[in-house]
Amino acid sequence: MSDEGPDIWPPFLPTLPLGLGPAEVPPRAAAPRRQPSLLLVDDDPFMLGMQSRMLRGMGYMMIGTAASADAALRLLGERQVAVDVVICDLNMPEVDGLEFLRRLGASDFRGGVILLSGEGPRIIHAVQKLLAGRALLILGALEKPASRAALRTLLDQWQPAALPSVAAEHPGYGADDLRVAQDGAQWVLHYQPKVDLRSGGLTGVEALVRWNHPLHGLVYPDRFIALAEECGAIDALTEWVMQAALEQLALWHRSGLRIQMAVNVSMQNLCAPDFAPRLGALVRHIGLSPQDLMLEVTESRVMAVSSAALETLVRLRMQRFGLSIDDFGTGHSSLAQLRDVPFTELKIDRGFVHDARGNQLIPPMLEGSIGMAQRLGLHTVAEGVETEDDWALLREIGCDIAQGYFIGRPMQSDRLPAWLEDWQTRQPRSTAR
């Protein structure tokens, strides 16, 4: 068919890959995953023709096109065919891509969406963020003209819809539940490794608190930390975490494992005038030094730092405790925080780390943050390192320390030796000695 066809081009007729006749169709592998049916939406007939030919050449058999947003919505509304993935241009006349996607999200369409546009990476990234909280499944975004490999990578992320399941209801907790947890010794700590990006060596762990609920099993901190702050239970919880984490660190030190412990602290902890002296006394009592402990403060909380909390942070630093600004990049006054608070470490949020190489905007920001931190004399830690490619990029731009699932998940203390033995055999060769 000519590229200058009607608004909607054939109703998803199966097509053969270019260059293959009926006798040349490759044999199917056993039980292959079902191919997605695709709908291309673009007001440019030439682009529609080029994209559809390329996709057919890649072996995709069910392809339809629509030369306008209205035409695509009509086709989807008729429900004569099931569309699994919509590949959509952003800049279209009358109804642009944003309006189309808004209407699509309001419909009962539950497939995936790939943004394909010539608008440039900053606009494409902004659109992705705009759509992130909506019902649409955004598989990714590509600049025109997209390569076969890039399209294949995004289309491979599509999965057939699973059967609907009943979502598990999360029980609500109150202040009385936290008191029972405190009195009943229901808190437990898991530890996530932090390793040197140059040598691959273990430098420390972060202590992460869990609630070992007698009925609900492990409950994660996003379910109870805010409650603890609201009802005044955060000081007792933090005191327990510090005691347990430092006692475990002392055990590791005595066994010859000289690493640092990182612990999260709440802004409410820092507002207590006796927090710094009490923590100093605890560290000395256990037989450690303040340099063995890194205190992590979430960036968004530092934005509202009071004079009392700032005084505590200064006193902690004067005792030589490490201070880390956690989740860096997610707040709104990062430079002011680095100027006003005596941090020794900058911990970059996972949103700027995982798959950073796949987004043209992120690597310059990542490199800029790391360079700024180094010029200020701060160590840099990247969390959310999930792949070897994440690891490689961070090494290239000079980050100091990595933390994430690629290295190790949070684990109980007795599993750390086995993890360390495993890590020494599988760490990237570029760092192995």
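Leaving aside its neighbours within four places in sequence, which residues is Q51 in contact with? Keep that question in mind while you look at the whole chain, and remember that what you have open is a predicted model.

**The whole protein**

Begin with everything shown as a cartoon, where you can trace 16 helices and 15 strands. If you colour the 433 residues by accessibility, 46% of them count as buried. Among contacts between residues at least 6 apart in sequence, 71% join residues that are at least 24 apart.

**Stop 1: Q51**

Now select residues 45-57, which form helix α1, and pick out Q51 within that helix. Its relative accessibility is 6%, and because buried means under 20%, Q51 counts as buried. Show the side chains around Q51 and you will find the answer to the opening question, since apart from its neighbours within four places in sequence Q51 is in contact with L40, D42, L116 and K144.

**Stop 2: A185**

Move on to the loop between α6 (175-183) and β7, where A185 lies. Is A185 buried or exposed? With a relative accessible area of 63%, A185 is exposed. Look also at its backbone, for A185 has a positive phi of about 55 degrees although it is not a glycine. Most residues other than glycine have a negative phi.

**Stop 3: three helices, α8, α10 and α12**

Select residues 234-254 for helix α8, then add residues 275-286 for α10 and residues 307-318 for α12. Helix α8 and α10 pack at an angle of about 30 degrees, with their axes 10 Å apart. Angles under 35 degrees count as roughly parallel, and α8 is therefore roughly parallel to α10. Their crossing is right-handed. On the α8 side the contact is made by T238, E239, M242, Q243, L246, E247 and A250, and on the α10 side by F275, R278, L279, L282, V283 and I286. By class, these residues divide into 8 nonpolar, 2 polar and 3 charged.

Next, turn the view until you see α10 beside α12, where the angle is again about 30 degrees and the axes are 9 Å apart. These two helices are therefore roughly parallel to each other as well, and α10 passes α12 in a right-handed crossing. Show F275, A276 and L279 in α10, which meet T312, R315 and L316 in α12. This contact has 4 nonpolar, 1 polar and 1 charged residues.

**Stop 4: S306**

Step back along the chain to the loop between α11 (299-302) and α12, and select S306. At 29% relative accessibility, S306 counts as partly exposed. If you draw a distance from its C-alpha atom to that of M267, the value is 8.9 Å, although the two residues are 39 residues apart along the chain.

**Stop 5: D355**

Go to the loop between β13 (345-348) and α14, where D355 is found. D355 is partly exposed, with a relative accessible area of 46%, and its phi is near 60 degrees, a positive value in a residue other than glycine.

**Stop 6: helix α15**

Finish with residues 388-396, helix α15, in which D390, W391, L393 and L394 are buried. Look down the axis of α15 and you will see that these buried residues fall within an arc of 165 degrees, so they line one face of the helix. What covers them includes β7 (187-196), α14 (362-375), β14 (379-383), β15 (401-403) and α16 (416-426). Just after α15, select G398, which takes a positive phi of about 90 degrees.

How values were computed. Residues numbered from 1 in each chain as written. Predicted model: local features only at pLDDT ≥ 70, side-chain atom pairs only at ≥ 80, totals over all residues. Heavy atoms only, no water. Buried < 20%, exposed > 50% of the residue type's maximum accessible area, 1.4 Å probe, protein only. Helix = DSSP H or I, 4+ residues; strand = E, 2+ residues; numbered from the N terminus. Arc of directions from axis to C-beta. Contact = heavy atoms within 4.5 Å. Axes fitted to C-alpha atoms, helices over the stretch in contact; angles between N-to-C directions. Parallel < 35°, antiparallel > 145°, perpendicular 65-115°, else oblique. Left-handed = near helix turned anticlockwise from the far one by under 90°. Nonpolar A, V, L, I, M, F, W, Y, C, P; charged D, E, K, R; others polar.
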